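Take a look at the protein chain shown below. What can its atoms tell us about how the chain is put together?

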Amino acid sequence: MAIARRLLVAAALCLALAVPAVMGQAAAAAPKAAHAGPPNVTAILEKGGVYSTFIRLMKGTQQDTQLNGQLNGTTTGFTVFAPTDNAFSILKPGTLNGLSQQDQVSLVQAHIVPKYYTMDAFETASNPVRTQASGADGPYTLNITATSNSQAINVSTGVVTTTFSNALSTDQLLAVYSVDKVLLPNALFGPKPPPSPPPPPGANKKPSNGSSSASAEAPTDSVAHPAGAAPVGAMAAGWGLAALMAAAYLL
């Protein structure tokens with residue numbers, strides 16, 4: 001019996017020592033939780049399911065890569081207005097294809113604001129709100145105002161106006177809002193200034209060689225005889241002829 005008790009005590013001690021070691025190994029083998037990186041705008045739009053045209057436009061202009069890269073070092077964040085596929089479908093046919101590559105870049109950037117806005121922050125936004133896009137006349141801007149009941153937000157480019165209230169994402173670095181119209185920038189789609197009127201006929205016409213030479217040549221008489229000279233010569237010739245006639249008569 002004594003031997004059996006000793007064996008049981010020894011087994012219990014071995015078990016007591018083995019359990020912590022096994023638990024420590026299990027804890028060490030457990031993977032650490034991955035550090036969450038910055039939000040990915042493409043992943044957010046793909047999850048939304050109705051933004052394929054905007055995704056394609058962002059990828060075609062490489063603005064998805066640029067924005068995702070900027071999110072790694074931003075402190076102010078970004079706000080993206082994402083038009084739905086239906087928003088693009090109501091555009092005039094050929095609108096996107098008629099844009100140059102640079103204008104397509106500007107169109108995408110006109111939907112990106114270099115600042116993080118929550119729905120509440122839009123109520124105190126200082127208009128006009130600057131976007132990522134810019135042109136010869138400066139940055140493309142938006143006017144953003146809250147509706148009377150503060151349940152939705154109005155956004156206008158000067159060409160189109162729409163209202164949104166649906167946030168796809170409100171991460172601390174990136175806010176993405178769904179809009180049902182493409183935010184056409186005024187610089188690209190606004191009214192163009194009227195062309196300058198043509199100059200009046202002959203305003204810039206140079207004189208022909210004939211007219212210039214005619215004006216340059218003065219009449220010989222007017223140059224050779226000043227005023228009064230021609231009548232005096234004629235009178236002298238008349239008196240001489242009269243003298244000759246009188247002499248002949250006397251002879």
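This report goes through the sheets, the helices, the ring pairs and the largest pocket.

## The chain as a whole

Start with the basics. This is a predicted model. The chain has 251 residues, and 29% of them count as buried. Its secondary structure comes to 11 helices and 8 strands. Now take contacts between residues with a separation of 6 or more in the chain. Residues 24 or more positions apart account for 62% of these contacts.

## The antiparallel sheet

Strands of a sheet pair through backbone hydrogen bonds, and the pairing is either parallel or antiparallel.

In what order do the strands of the open sheet with antiparallel pairing lie? The order is β3-β4-β5-β6, so named for 4 strands in all. Two strands sit at the edges: β3, residues 129-135, and β6, residues 161-164. Each of these edge strands pairs on one side only. From one strand to the next, the twist averages 25 degrees.

Look more closely at one edge. Strand β5 covers residues 153-156, and 4 bridges join it to β6. The two strands run antiparallel. Here Ser156 stands opposite Thr161 of β6.

A helix also meets this sheet. Helix α6, residues 101-109, lies across β3 and β4. Its direction is at about 175 degrees to that of β3.

## The mixed sheet

Another open sheet has 4 strands in the order β2-β1-β8-β7, and its pairing is mixed. The edge strands here are β2, residues 112-113, and β7. Again, each edge strand pairs on one side only.

Helix α2, residues 41-48, packs on this sheet. The helix touches β1, β7 and β8. Its direction makes about 35 degrees with that of β8.

Three of the strand pairings in the two sheets can be set side by side.

| Strands | Bridges | Sense |
|---|---|---|
| β5 and β6 | 4 bridges | antiparallel |
| β7 and β8 | 3 bridges | antiparallel |
| β1 and β2 | 2 bridges | antiparallel |

Single residues show how these pairings line up. Ser169 has Val176 in β8 as its bridge partner. Val80 has Ile112 in β2 as its bridge partner. Strands β7 and β8 are also linked along the chain, by a hairpin of 3 residues.

## Helices α2 and α3

Go back to helix α2, where Thr42 is found. Is Thr42 buried or exposed? Thr42 is buried, because its relative accessible area is 11% and the cut-off for buried is under 20%. Leaving out residues up to four places away in sequence, Thr42 touches Ile55, Lys59, Asp64 and Asn68.

One of those contacts, Ile55, is also among the buried residues of helix α3, which spans residues 52-60. The others are Thr53, Phe54, Leu57 and Met58. What covers these buried residues of α3? The cover includes α2, α4, β1, α5 and α6. Just after α3 comes Gln62, with a positive phi of about 65 degrees.

## Aromatic rings

How many aromatic pairs are there? The count comes to 7 aromatic pairs. Take Tyr117 and Phe122. Their ring centres are 5.1 Å apart and their planes lie at 10 degrees, so the pair is stacked. The cut-off for stacked is under 30 degrees.

Both of these residues are buried. Tyr117 has 8% relative accessibility, so it counts as buried. Phe122 has 1% relative accessibility, so it counts as buried too.

The two rings belong to a cluster. Ring pairs link Phe81, Tyr117, Phe122, Phe164 and Tyr177.

## The largest pocket

Last comes the largest pocket, with about 250 Å³ of space. Its lining has 16 residues. Which of them lie nearest the centre? They are Pro139, Tyr140, Thr141, Asn186 and Ala187.

Two elements, β4 and α8, each supply at least two residues of the lining. Strand β4 gives the most, with 6 residues. This is the strand that lies between β3 and β5 in the order of the antiparallel sheet.

Conventions. Residues are numbered from 1 along each chain as its sequence is written. This is a predicted model: local features need pLDDT of at least 70, side-chain atom pairs count only at pLDDT 80 or more; totals for chains, interfaces and linings use all residues. Side-chain values use heavy atoms; hydrogens and water are left out. Two strands pair if DSSP finds at least two bridges between them. Axes are lines fitted to C-alpha atoms, for helices over the stretch in contact, and angles run from 0 to 180 degrees between N-to-C directions. Contact means heavy atoms within 4.5 Å. Rings of Phe, Tyr and Trp (its six-membered ring) pair if their centres lie within 6.5 Å; planes under 30 degrees apart count as stacked, over 60 as edge-to-face and the rest as tilted. Buried means under 20% relative accessible area, exposed over 50%, partly exposed in between (1.4 Å probe, protein chains only). On a 1 Å grid over the protein atoms alone, a cavity is a set of points where a 1.4 Å probe fits but cannot get out, and a pocket is an open set with protein on both sides within 12 Å along at least five of seven lines; lining residues have an atom within 4 Å of a point. Grid points are joined across faces, edges and corners, and a volume is the space filled by probe spheres set on the points.
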